[in-house]
Amino acid sequence: MRHFLRPILALSFAAFILVASASLSSDAAPAAREGNANFDGLWSVVIVTLQGSCERTYRYPLRIVGSHVLQASADQSYRLYGAVSRSGAIRVIVARGGQWADGRGRLTDSRGAGNWTTSGGQCAGKWTAMRRS
């Protein structure tokens with residue numbers, strides 16, 4: 001099971017990194033309609049496992065366009081859904097196979113931070129992000 005969760009957690013915030021519009025927080029939903037603060041660009045995300053037997057650390061890129069958080073790599077082995085609000089509230093869901101991970105937090109102009117957990121609660125941790133462009 002540990003080896004199966006490894007890629008899911010790695011993508012958990014790249015990888016962080018996106019949310020289905022039906023599960024957006026009330027803070028994030030208006031951003032899709034009204035436009036958002038300028039979080040657009042490439043971001044580097046570091047995911048750290050604090051609980052569970054998942055790999056300790058991952059680093060992945062993601063791209064923000066408008067209120068949408070997008071996968072910045074060409075890896076098609078996972079799906080990334082997410083949104084960011086005008087205030088910087090961000091939620092990301094990464095799915096691979098029948099498993100998924102949920103990341104939530106906040107972005108500023110150049111940085112971000114938050115928490116993540118796997119769908120079954122096997123692993124959890126923190127993430128940090130830094131804008132690259």
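## Exercises around strand β7

In the β7–β8 hairpin, 5 residues lie between the strands and G121 takes a positive phi near 75°. Helices (H or I, at least four residues) and strands (E, at least two) are DSSP runs, numbered from the N terminus. This is a predicted model: local features need pLDDT of at least 70, side-chain atom pairs count only at pLDDT 80 or more, and totals for chains, interfaces and linings use all residues. Residues are numbered from 1 along each chain as its sequence is written, and side-chain values use heavy atoms, leaving out hydrogens and water.

**Exercise 1.** Find the strands joined to β7 by bridges.

*Solution.* Remember that two strands pair if DSSP finds at least two bridges between them.
- Start with β6 (residues 99-107): 7 bridges join this strand to β7, and the two run antiparallel.
- Look at the link: β6 and β7 form a hairpin with 3 residues between them.
- Check one pair: D102 has T117 of β7 as its bridge partner.
- Now turn to β8: 7 bridges join β7 to β8, again antiparallel.
- Here R111 has M130 of β8 as its bridge partner.

**Exercise 2.** Sort the residues of β7 (residues 111-118) by face.

*Solution.* Recall the background first.
- In a regular strand, side chains alternate between the two faces of the sheet.
- The covered face of β7 holds G112, G114, W116 and T118.
- R111, A113, N115 and T117 make up the uncovered face.

**Exercise 3.** Place these strands in the whole chain.

*Solution.* Count, then order.
- The chain has 2 helices and 8 strands.
- From the N terminus on, the order is α-α-β-β-β-β-β-β-β-β.

Key: Buried < 20%, exposed > 50% of the residue type's maximum accessible area, 1.4 Å probe, protein only.
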